[in-house]
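Work through the exercises below with the coordinates open beside you. Each task is followed by a solution that proceeds step by step.

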Amino acid sequence: MDWKMFQALLSGVNKYSTAFGRIWLSVVFVFRVLVYVVAAERVWGDEQKDFDCNTKQPGCPNVCYDHFFPISHIRLWALQLIFVTCPSLMVVMHVAYRDERERKYRAKFGEDTKLYDNTGRKHGGLWWTYLLSLFFKTGIEIVFLYLLHMIYDSFYLPRVVKCEVKPCPNQVDCYIGHPTEKKVFTYFMVGASALCIVLSVCEIIYLIAKRIARVVRKMKSRDRLVELQHQRYKDEDRGSYQQLPMKRLDLKPTFRVNDEMRASAPNLSTAA
């Protein structure tokens, strides 16, 4: 397994992760990948050679080992680490798709134009892709923990197992190599996996709560804008019905009595 490529892949995903996602990556690197590479592989090693049975019957140790260890812990954890990081490829590929669309858009409309403000920002389809990747990671972790629990009976490794599988002549005792070390590392890896599940669930809750808060803010802003527009229209309608101030009218006559009118009507007074 090329761990350098694995590390480069997760480091690329780290750019698009939230705070919980970065903590998850740190736990995967430090408490799972490094422990796996540095210690766990050496503890297990060639575990079939360390599996010793108190019989010389040919084939008996092999079938007993296969009966009690149908799949090695170390290989199961390697598969778990590979599968649990595969959903992160969905996010990387979605961002690469956005980058390609952005490149084509700029080539068509000019370098100053933009299709996305930030191709790695979790909005729209990328938000759904990121959320689905979290659900997949959580589901994969739970499935592998269930498999480990089902195969090895509550993650417990006894010092001695009793085997009566053919071609063993009778019930024989088989001894597991380094049982205490293997038990400690088993519980440690299970605990690290459980911690990753908790972090993934917290990140899912965080993303959904943040999305709900953004939607609520948009609704409040929209309601406020509608209220302001309604108030403005109401003020305009009220102003259209207001009466404008009128000038006072001067009711005094403005005509003059000339001499001809005075001669024809001598009793007409000039002071109206």
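**Exercise 1: A pair within one helix**

At 34% relative accessibility, Glu100 counts as partly exposed, a value to be read with the caution that the model is predicted.

Task: determine which residue forms a salt bridge with Glu100, and where the two residues lie.

Solution. Begin with the distance: the closest N and O atoms of Arg103 and Glu100 are 2.5 Å apart, and the two residues form a salt bridge, for which the cut-off is 4 Å. Next, place the pair in the chain: both Arg103 and Glu100 belong to helix 5, where three residues, about one turn of the helix, separate them. Finally, consider the accessibility of the partner: Arg103 has a relative accessibility of 48% and therefore counts as partly exposed, since that class lies between 20% and 50%.

**Exercise 2: Pairs between elements**

Task: state how many salt bridges a search of the whole structure finds, and decide whether Glu141 is buried or exposed.

Solution. The search of the whole structure finds three salt bridges. One of them joins Glu141 to Arg32, with the closest N and O atoms 2.6 Å apart. Because Glu141 lies in helix 6 and Arg32 in helix 2 (residues 19-44), this pair ties together parts that are 109 residues apart in sequence. As for accessibility, Glu141 is buried, and Arg32 is buried as well.

Asp173 and Lys162 also form a salt bridge, in which the closest N and O atoms are 3.0 Å apart. Here the pair links distant parts of the chain, with Asp173 in strand 3 (residues 172-175) and Lys162 in strand 2 (residues 160-163), 11 residues apart.

**Exercise 3: Packing of two helices**

Task: work out how helix 5 and helix 6 are oriented to each other, and describe their contact by residue class.

Solution. Helix 5 (residues 73-109) and helix 6 (residues 125-152) pack at an angle of about 175°, and their axes are 10 Å apart. Angles over 145 degrees count as roughly antiparallel, and helix 5 and helix 6 are therefore roughly antiparallel to each other. By class, their contact contains 17 nonpolar, seven polar and three charged residues.

**Exercise 4: Annotated spans**

Task: compare the record's "transmembrane region" entries with the computed helix content.

Solution. The unreviewed UniProt entry lists residues 20-39, 77-97, 127-152 and 185-209 under this name. In the model, residues 127-152 are 100% helix and 0% strand, with end C-alpha atoms 38 Å apart. Residues 185-209 are likewise 100% helix and 0% strand, and the end C-alpha atoms of that span lie 36 Å apart.

Conventions. Residues are numbered from 1 along each chain as its sequence is written. This is a predicted model: local features need pLDDT of at least 70, side-chain atom pairs count only at pLDDT 80 or more; totals for chains, interfaces and linings use all residues. Side-chain values use heavy atoms; hydrogens and water are left out. Axes are lines fitted to C-alpha atoms, for helices over the stretch in contact, and angles run from 0 to 180 degrees between N-to-C directions. Helices (H or I, at least four residues) and strands (E, at least two) are DSSP runs, numbered from the N terminus. Angles under 35 degrees count as roughly parallel, over 145 as roughly antiparallel, 65 to 115 as roughly perpendicular and the rest as oblique. Ala, Val, Leu, Ile, Met, Phe, Trp, Tyr, Cys and Pro count as nonpolar, Asp, Glu, Lys and Arg as charged, and the others, Gly among them, as polar. A salt bridge is a side-chain nitrogen of Lys or Arg within 4 Å of a carboxyl oxygen of Asp or Glu. Buried means under 20% relative accessible area, exposed over 50%, partly exposed in between (1.4 Å probe, protein chains only). UniProt positions are given in the numbering used here, feature names are shortened, and annotations may be inferred rather than shown by experiment.
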